[in-house]
Amino acid sequence: MKAAVISFPGSNCDEDLVYALQLAGHEAELVRSTATQLTDFDAVLLPGGFSYGDYLRSGAIAKFAPIMPALKQFAAAGGLVLGICNGFQILTEAGLLPGALQCNEKLNFICEAEPLTVVNNATSFSNQYAAGASITLPIAHGEGNYYADAATLAAIEANHQVVFRYADNPNGSLNDIAGLTNAAGNVLGMMPHPERAVEALLGGTDGLGVFASMASAIEGGTHDQRADA
Amino acid sequence: MIKEPTPETIKTQHSYRELGVTDSEYNLFTERLGRLPNYTEVGLQSGMWSEHCSYKYSKPILKTFWTKNDRVIMGPGEGAGVVRIGSGKAVVFKAESHNHPSAVEPYEGAATGVGGIIRDIFSIGAKPVACLDSLAFGDDFTAHNKHLIDQVVAGIGGYGNSIGIPTVGGEVQFDAAYQQNPLVNAMCVGIMNEADIQRGKAAGVGNAIIYVGAKTGRDGINGASFASSEFSQEESADRSAVQVGDPFMEKLLTDACLEVTHRFHDDLVGMQDMGAAGLVSSSAEMASKAGAGMTMDLDLIPQREPNMTPFEIMLSESQERMLLCVRAGQEAEILNLFADYGLDAVVCGHVDDGHQYRLLHHGKVVCDIPVSLLTDDVPTYTTQPEKPQRLVYPEPDFVPEVTDVLATLNDLLALPNIASKHCLYSRYDAQVQTNTVVLPGGDAAVIRVRDTDKALALNTDSNGRLLHLDPEVGGAITVAEAARNLVATGAEPLAITDCLNYGDPSKPEVYYELAESARGITAACKQFNTPVISGNVSLYNETDHVGINPTPMIGMVGLIDDLSAITTSAFKQAGDLVYLVGATGDDYNGSSLQFLQTGGYAGRITGFCLETEAKTQAAVLKAIRQHLVTAAHDLADGGLAAALVEMGAAKGYGITGTTALTAAQFFSETQGRFVLTVKPVNQAAFEAALGATPYAQIGTTIAETVDLQFADQRLRTQMQTLTKVYEEALACQLK
């Protein structure tokens, strides 16, 4: 898998994500958000951090970055897009994922290892996990409380778009949602940080499955979107 | 625009006094200058001659610190100190206090404290890799105090979380002594290649002075003088002396400055952050270090507000600004690099022949004074120290009464100083950069050093109540405890940074505390081979003439040269042998048990010996490095009782066993002790490694239960119930 990691001004997990992907045996490179093309990549990842300082509202300014039209094009063509934490916020702001992320229920930033359940292992981001698997991934966010209106939420559930749910819902997310895909299944947003769980030395390797699942989906041809044009 | 007083008016009306300049200091300045200074020049004097910039009271004491050994590459005097760690790499660290700003504006005060210390680290050319915070608050948990705690924690998180540097450790203490005057000390640690060290100097006639970062505004004007004076309840108009932080700007600034350091290493002559006393201190100090002169045109300084006066421009402490000296002819490329990051950068001056410090404003010379008049000619003061009465006649030794060991243990665990601080540190991102091996909550944080087999152990320690009882011994204990914390993770202590938080140094008793504690710190530094490589002084921590406890914060860094030897404090499995290492005595003065039973701290400090402590630490480190230890924890506040609960709480293991200690000694705070666990198969090798160090096997780890037979009582309970008290007590108080 050859992955692009988009670096917005203020992204602070961009290098961590590149490091994690490379450690897991994938090709990965940083692409500045001032770029306007995303050719020759199998997948595009939006890292955590505080794009543009998250002033105004998390992800609200990033959606106007020069890279965004190319990202939308990549996603529309069926390419795999993963947004982690601030990346998830950017994807909802940009309309690539339904719903919104608001302040944590208790208003404070939370940094914790959180137990999660893999509720749908039939996606391009979770196929290497067992169905119903319990995994632990770190979270670190102030605005991770997932919200969607009732009709949207019902559609998300009916369409099996929820991939990860919190076991102990730390931030007040509706339906314990920790990560979900778009209706087509090629765009995933998640608040927990899989790139922080790829080495036993640092406390666990449960995050590797996300990247392995993406690589597997790409190699399996179900998501061969390498746009050479 | 405010009309500034003329030089003559300044003299006749004593206007300099409002800026914190004394009559004799003004007269000395005038005499050396050979004429009356104008308002801008007196302003520069007030900033540069403040305690914060000149160390005029503390310099005679700071000179006594031990600052060098074969590992120290750069000691005090630069933005931060640098220590060699092998493989061509070095660790850079420093701590800084932001007590006064945090008292009046807790969120921004704490946030800008973090921002300032980070700039000190990358100004050396190092990548900041970790932050730690040492906090002290009052212990009454009124609405005001809870607000203060909440906002300080939020400010640290607000800055640290977004800039992408993990906040990995620190400490917080609650004591009535800090009720009016909280302590907010921030430490930052960086890693760099030895070859890339950058110094803050402006050398080479004609070389360019470049200003980069945020525009200069009217925030934090003369903050250095503000930090060098006392508070009074009546005056709350000091809010304008507090700066406002922008971590997003600082993230860009950090990345850009590090790129300049690497790409233009030969063209970058020097770099320094604009911290206390802003533009004047950074520029004057850079010129002073090179023995050079400097001219700056203030019309070129990016300004946030219209009509700023030279006084305001020079003394503003607006955040996120750096000053660079760049080889003439290379300015354009560096300005372009900053432009790519969207940062304001301008050439605002140049290095001059001679030694004058000249400022132009609207085409006029508004300052023309020798650089050394700002940096070197500051008088130093020594107060005649006087031993406080409480130390001349200490209270008799405290004799506790523990009739129900379980009840006492539960009460102890609920003390805010003992209870888990999880509800505070979980608000900081401790993992960004993905190097944090040991997270907050243990003895010390551990971060690995990429591309090596090494890791660094980091912590901060302060113990104002012990210094209140004995400044010298308390100072030594603070260093010893910091070292003990690092050793418990498997690290060899390398060096320290300090924040010296004290009251008004012109008071003989405060000066005594300062001088005596420095003696204790120095003795301990030599014993543990940990020189002082950087630091900061925060004096005048008084409100309405009542001072805080003398509180030196020691930030210590240790080296682990084998990742497989990193040890944490949590009990790992049932069946491990539990050892108490180091002798336990009846040492209750200043202990948590004394506080619990009397509501205060009093008496002499007993149960501490530097040499013994050093031997014990060496033996424990040896056993850990031989992979004979499964968990290690130092004994501090709350003694063995607190340590065992802390070790068991993480994974729900308890202990069963028998000890010769009395129930009271369970709470004794004899220094220099550890609890270690060992697999039965390693028992003989472990005991051999300890050699002559006193030890006792006090039990075995067991799932869920605590069952300890003391000489006079038996403690039986479930780990879960103790954990609940330990985990929830502080969170409940702060609700």
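In this predicted model, strand 24 of chain B (residues 653–658) pairs with strand 26 of the same chain (residues 695–703). The pairing is antiparallel and runs over 4 bridges. Within this pair, B:Thr656 faces B:Thr700, which lies in strand 26 of chain B.

Both strands belong to an open sheet of chain B. That sheet has 7 strands, in the order 23-25-22-26-24-27-28. Its pairing is mixed. The edges are taken by strand 23 (631–634) and strand 28 (714–718) of chain B. Each of these has a single partner strand, so one side of each lacks a neighbour in the sheet. On average, neighbouring strands of this sheet are turned by 20° against each other, with direction ignored. A helix also lies across part of the sheet. Helix 19 of chain B (residues 471–489) crosses strand 23 and strand 25 (674–678) of chain B. The helix runs at about 175° to strand 23 of chain B.

Chain A holds an open sheet of 9 strands. Their order is 2-1-3-4-11-10-9-6-7, and the pairing is again mixed. Strand 2 (27–32) and strand 7 (134–141) of chain A form the edges. Each pairs with a single strand, so one side of each is left without a neighbour in the sheet. The average turn between neighbouring strands of the chain A sheet is 25°, direction ignored. One of the pairs joins strand 9 (residues 162–166) to strand 10 (residues 177–181) of chain A. These two strands are antiparallel and share 3 bridges. In this part of the sheet, A:Phe164 stands opposite A:Gly179 of strand 10 of chain A.

The two chains also meet each other. The contact draws 29 residues from chain B and 25 residues from chain A. Together the chains bury about 2100 Å² between them. Of this area, 55% is on carbon and sulfur atoms. On the chain B side, B:Phe248, B:Gln431 and B:Thr434 lose the most area to chain A. These three residues together account for 26% of what that side buries.

Charged and polar pairs also span the interface of chain B and chain A. The rule finds 2 salt bridges there. One of them involves the side chains of B:Arg448 and A:Glu199, at 2.7 Å from N to O. Across the same interface, 9 residue pairs are in polar contact, with both residues at pLDDT 80 or more. Three elements of chain B give two or more residues each to the side that touches chain A: helix 8 (143–163), helix 10 (247–263) and strand 14 (436–438). By class, this side of chain B comprises 10 nonpolar, 10 polar and 9 charged residues.

Key: Residues numbered from 1 in each chain as written. Chains lettered and ligands numbered in written order. Predicted model: local features only at pLDDT ≥ 70, side-chain atom pairs only at ≥ 80, totals over all residues. Heavy atoms only, no water. Pairing = 2+ DSSP bridges. Axes fitted to C-alpha atoms, helices over the stretch in contact; angles between N-to-C directions. Contact = heavy atoms within 4.5 Å. Buried area = accessible area lost by both parts, 1.4 Å probe. Salt bridge = Lys/Arg side-chain N within 4 Å of Asp/Glu carboxyl O. Polar contact = N/O pair within 3.5 Å; in protein donor to acceptor, adjacent residues only side chain to side chain. Nonpolar A, V, L, I, M, F, W, Y, C, P; charged D, E, K, R; others polar.
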